[in-house]
Amino acid sequence: MSQPLLLVEDLKTYFYLPEGVLRAVDGLNLIVNRNEIVGIIGESGSGKTVTALSILRIVPPPGRIVDGKIVFDGENLLEKSEEEMMKIRGGKISMIFQDPISSLDPLYRVKDQLSEVIRMHRGLTDESEIKEEIIRLLSMVKIPDPDRLMNAYPHELSGGMAQRVMIAIALASNPLLLIADEPTSNLDVTIQAQILELLRELHERRGLSILMISHNFGVIAELCDKVVVMYCGEAIESGSLIDVFENPAHPYTKGLLSVVPKLHGVSKHFETIPGSLPNPLNPPSGCKFHPRCPKAMNICRKVKPPRCKLNRDHVVSCHLYT
Amino acid sequence: MNLISKSYYAWRFLQNLKLIWSRKDGKAGMLITAFIVLIAVAAPILSPKSPYTQVLEDKLKPPSLQYPFGTDHLGRDLMSRIFHGARASLIVGVFSVLVAIVIGVPLGLIAGYYGGLIDQVIEVITSAFWSFPTFLIALAFAAAFGPGLQNVLIAIGVAWWAGFARIVRGEVLSLRERRFIEAVRCLGANDAQIIVYHILPNCINPLLVYSILNIPSMILIEASLSFLGIGIQPPHPSWGNIIGSGRPYLREAPWIVMFPTAFLALTLIGLILLGDAVSNVLNPRLRRRMI
């Protein structure tokens, strides 16, 4: 097996607040292989976005990457200088966001924003070459009439169009990895499906690896090969899509999946997981899920569960499997 | 990098001008300001006589056909002096704002963008300048730099930059949290690129409004400094020093004080009206109601 494209090992990103240390990401392990779509799923506040920002090393202060290893394409990103990171951001790793319209600078037209990235990362200077490239990128993300749309300002775009433009910008540098932070959350369902379809197509046609962050099982199930379930900054379960969705091992994953309303079968009420996310400044001892866990044992209160391998890819952190 | 399209901004500019013109205050402000600018630019043509020629036998003459605004204590034609004085006022108004921008805007950008210790240090300096009456600081700097048009406008700019730093810092604080700044950083832009291409252009509107609203204050400070005799020095005409030189003759020759004061007031009213109209037109919420 070749080395993975992205290997995150024991990543710890802490925020040093006046009230104490907030462990947003606390010992996360993650592997993205070449030509693979990996989904990170978790509740709001489980550290999904901070993970993405840590990989690009743009965690806003007072946050800091305290420990761990982020190996991308054979190089440890945590040892890179800031200048080298700038080349990687938007170069080999691109990112798209939840709210596409506000991710575009309102003062610049679509083509200006695209040409900025093309100049920066591809070093093209010839105007006509740049224009050709802009049109190629916009048609690649299936924007109708790119000649006209490239002169539009962000406020003239719909959410779906803006997200396509964001994807075009992200792909301008031919990245190896695209980090998509809830790229469909604020879009309506038909547009959501179109954007996911587009991402899948880009993945299949160009071999683009994608790290997909979402709180939506549907989105993850639609797109991903592998899934990582995050809870309180830790990956509590990871494995192939089938492993995790058909055969969930961790009580939290089971709970999450039972919460998803089903189309078939009658249910009288919504299932819920009792309790809420613990205070991140003062997480529970042992397994962080134990106060909400229906199968909590004595040991869960005291000892942090080890990572247990259920099969080649399927890993779970839970005392039930030790 | 030529990121901003010129044609769009030309179009926006024309549309803004139309909107300003469509308001009563905007129209009055534009007309008055245009009138004063015309006087300043065409002073040598419009003036009936040289502003420097002294005709001592005609001193302290009341307004007449020969001297429309009368003469001062040295027999110089007041109308010519006032017209030439308009130049000093406008030059000071515009250029001291520029000096203030050159000092205040970069400081505000740096303070707002980097935050932390840098912000605190700049904030202390800004507050120090802000807490003193601006006129007092301008007075001190003007006294230190010595008299003369150039020194006066630098002194006023140096005394006035704190407001610009404040405005820009506030804007940057909200801009730097915006999604697109994060997005640009994710695309590999460095701090300088982010500040120059993405933050500064988004600060232009409030900056423009603040500049225009401040020009009258700058003109007034220049007039006050010249009135006190540490601004523009006679024989060079400035409304402030004309008023100052007319003060001892207030009883016998009130026109020496009256006319430049009237022009000063007119200019300030015109600029304030214009500034108000500009700020309303550039305010998106009020603008929607106008279009």
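User: How much space lies in the second largest cavity?

Analyst: In this predicted model, about 80 Å³ of space lies there. Among its 14 lining residues, A:Pro251, A:Cys287, A:Cys293, A:Cys300 and A:Cys318 lie nearest the centre.

User: What makes ten residues of that lining nonpolar?

Analyst: Cys and Pro count as nonpolar, together with Ala, Val, Leu, Ile, Met, Phe, Trp and Tyr. By class, the lining has ten nonpolar, three polar and one charged residues.

User: Why is the largest space called a cavity?

Analyst: It is called a cavity because a 1.4 Å probe fits there but cannot get out. The largest cavity holds about 100 Å³, and the count of cavities of 30 Å³ or more is three.

User: Which helices supply at least two residues each to the lining of the largest cavity?

Analyst: They are α3 (110-122) and α6 (159-171) of chain A and α8 (179-186) of chain B. The largest share, four residues, comes from α3(A). Closest to the centre, of 15 lining residues, are A:Gln113, A:Glu116, A:Ile169, B:Val184 and B:Leu187.

User: How do you know that β1 and β2 of chain A pair?

Analyst: Pairing needs at least two bridges, and β1 (residues 6-17) and β2 of chain A have ten, in the antiparallel sense. One bridge joins A:Phe15 to A:Leu22 in β2(A).

User: What makes β2 and β5 of chain A edge strands?

Analyst: Each pairs on one side only. The open sheet runs β2-β1-β4-β5 in chain A, with antiparallel pairing. Helix α1 (residues 48-55) of chain A packs on this sheet, touching β1, β2 and β4 of chain A.

Technical notes:
Residues are numbered from 1 along each chain as its sequence is written. Chains are lettered from A and ligands numbered from 1 in the order in which they are written. This is a predicted model: local features need pLDDT of at least 70, side-chain atom pairs count only at pLDDT 80 or more; totals for chains, interfaces and linings use all residues. Side-chain values use heavy atoms; hydrogens and water are left out. Contact means heavy atoms within 4.5 Å. Axes are lines fitted to C-alpha atoms, for helices over the stretch in contact, and angles run from 0 to 180 degrees between N-to-C directions. On a 1 Å grid over the protein atoms alone, a cavity is a set of points where a 1.4 Å probe fits but cannot get out, and a pocket is an open set with protein on both sides within 12 Å along at least five of seven lines; lining residues have an atom within 4 Å of a point. Grid points are joined across faces, edges and corners, and a volume is the space filled by probe spheres set on the points.
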